[in-house]
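Q: Please set out how the descriptive terms applied to this model are justified, taking the values against their definitions.

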Amino acid sequence: MSAKVISGKEVAARIKQELAREVGLLKTKYNVTPGLAVVLVGEDPASQVYVRNKEKGCDLVGIYSEKHVLPADVPQDKLMSLIEQLNNDAKIHGILVQLPLPEQIDSQAVLEAIRADKDVDGFHPYNVGKLMVGEARFVPCTPQGIMVLLKESGMDLKGKQAVIIGRSNIVGKPVALLLLQEHATVTICHSRTKPLSEQTLRADVLVAAIGRPRFVTADMVKPGAVVIDVGVNRLPDGKLCGDVDYDAVAEKAGAITPVPGGVGPMTIAMLLSNTVKSARLHNNIVE
Ligand code: NAP
């Protein structure tokens, strides 16, 4: 079997086109320009690339964006004052602090300082709680993007076995809640799950969010499964690869996302979408 390739790049491009139209309408009809502030602390090369891609996305769809770069040794209070300033800035509807933050910073305190109604990453405890009870306002971008890709796969999730490898707050746990809302039966695996393949072989939907290159091999995958590869790993030769052994698994799966060009572009598209949604909510625009 050769799996259907679910191209996040193509789906994200479609979503960005729709968002560009929507932003155009917000500008002309309501004089509202959605605004996103991105805060980058330090000079981590991967974070710099992510932030640049987010800025490019904003430019493409017409969202106003501003970048705030702070040195790696910035004290907590300085970062908190910047968040406070952005919280009170009327042209900013979304605030994103690029993770990970340096060690001296209490990341959770920073995420909690962002106004919940500008928390387009969906990491504030208020938004996490709303997601938990099925009333999400801002759903974290990567899990939201994964759900769009699953819809694209054509699989009806009701009653299916969904297995997630990884239990992080930014991917594993929220994607589990979203799958549960779609009536899948959900299993979350992690580094202590033994034996892991016993779980993964039951999966109609397998989400790999581990951070280990080509960790998921073909012998761990049920024939015909939909496989979503969230991992982004840099190989010694500089190339990127996912958490899934793509070539071998594609022979066995029913559908699969590539890396790059799978989940990554969707994360950015969902960030833009959440920012536009926030601008609407701030201005009571329901159309
Ligand atoms: P994380 O916080 O490091 O979590 C990794 C998870 O994998 C943990 O729950 C860990 O288990 C589990 N794990 C590690 N080794 C394992 C093993 N041998 N067997 C089973 N489970 C194992 O990572 P994350 O932030 O969720 O990110 C995961 C990957 O997705 C990374 O490659 C990251 O770069 C990528 N990512 C991509 C995007 C995107 O937009 N494309 C967005 C976010 C993340 P324990 O909890 O037991 O340690």
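**Ligand surroundings and classification of residues**

A: Of the 22 residues around the ligand, the nearest are Arg-167, Ser-168, Ser-191, Val-232 and Thr-267; a residue is near a molecule if one of its heavy atoms lies within 4 Å of it. This is a predicted model, in which local features need pLDDT of at least 70 and side-chain atom pairs count only at pLDDT 80 or more, whereas totals for chains, interfaces and linings use all residues. Residues are numbered from 1 along each chain as its sequence is written, and side-chain values use heavy atoms, with hydrogens and water left out.

Q: What makes the approach of Ser-168 to the ligand a polar contact?
A: A polar contact is a pair of N or O atoms within 3.5 Å; within protein, one must be able to donate a hydrogen and the other to accept it, and residues adjacent in sequence count only if both atoms are side-chain atoms. An N or O atom in the side chain of Ser-168 is 2.5 Å from an oxygen atom of the ligand, so the pair meets the distance limit.

Q: Which atoms of Ser-191 and His-190 approach the ligand?
A: For Ser-191, a side-chain N or O atom is 2.5 Å from an oxygen atom of the ligand. For His-190, a polar backbone atom is 3.4 Å from a nitrogen atom of the ligand. The protein covers 71% of the 930 Å² of accessible area that the ligand has on its own, by the Shrake-Rupley method with a 1.4 Å probe.

Q: Which helix gives the most residues to the shell around the ligand, and how does the shell divide by residue type?
A: Helix H10 (residues 263-282) gives the most, with three residues; helices (H or I, at least four residues) and strands (E, at least two) are DSSP runs numbered from the N terminus. The shell divides into 10 nonpolar, 10 polar and two charged residues.

Q: Why is Cys-189 called buried or exposed?
A: Buried means under 20% relative accessible area, exposed over 50%, and partly exposed in between (1.4 Å probe, protein chains only). Cys-189 has a relative accessible area of 1%, and is therefore buried. Cys-241, at 5% relative accessibility, likewise counts as buried. The structure holds zero disulfides, a disulfide being a pair of cysteine sulfur atoms within 2.5 Å.

Q: How do you know whether Lys-277 is buried, partly exposed or exposed?
A: Its relative accessible area is 34%, so Lys-277 is partly exposed. Lys-277 has its place in helix H10. The C-alpha atoms of Lys-277 and Phe-138 are separated by 8.6 Å, although these residues are 139 residues apart along the chain.

Q: Why is Asn-233 classed as buried or exposed, and which side chain does it contact?
A: Asn-233 has a relative accessible area of 6% and is therefore buried. Its place is in strand E9 (residues 233-234), and a polar contact of 2.9 Å joins its side chain to that of Asp-243.

Q: What makes Leu-235 buried or exposed, and where does it lie?
A: At 17% relative accessibility, Leu-235 counts as buried. Leu-235 lies in the loop between E9 and strand E10 (240-241).

Q: Why is Ile-95 described as buried or exposed?
A: The relative accessible area of Ile-95 is 1%, so this residue is buried. Ile-95 has its place in strand E4 (residues 94-97).

Notes
Nonpolar A, V, L, I, M, F, W, Y, C, P; charged D, E, K, R; others polar.
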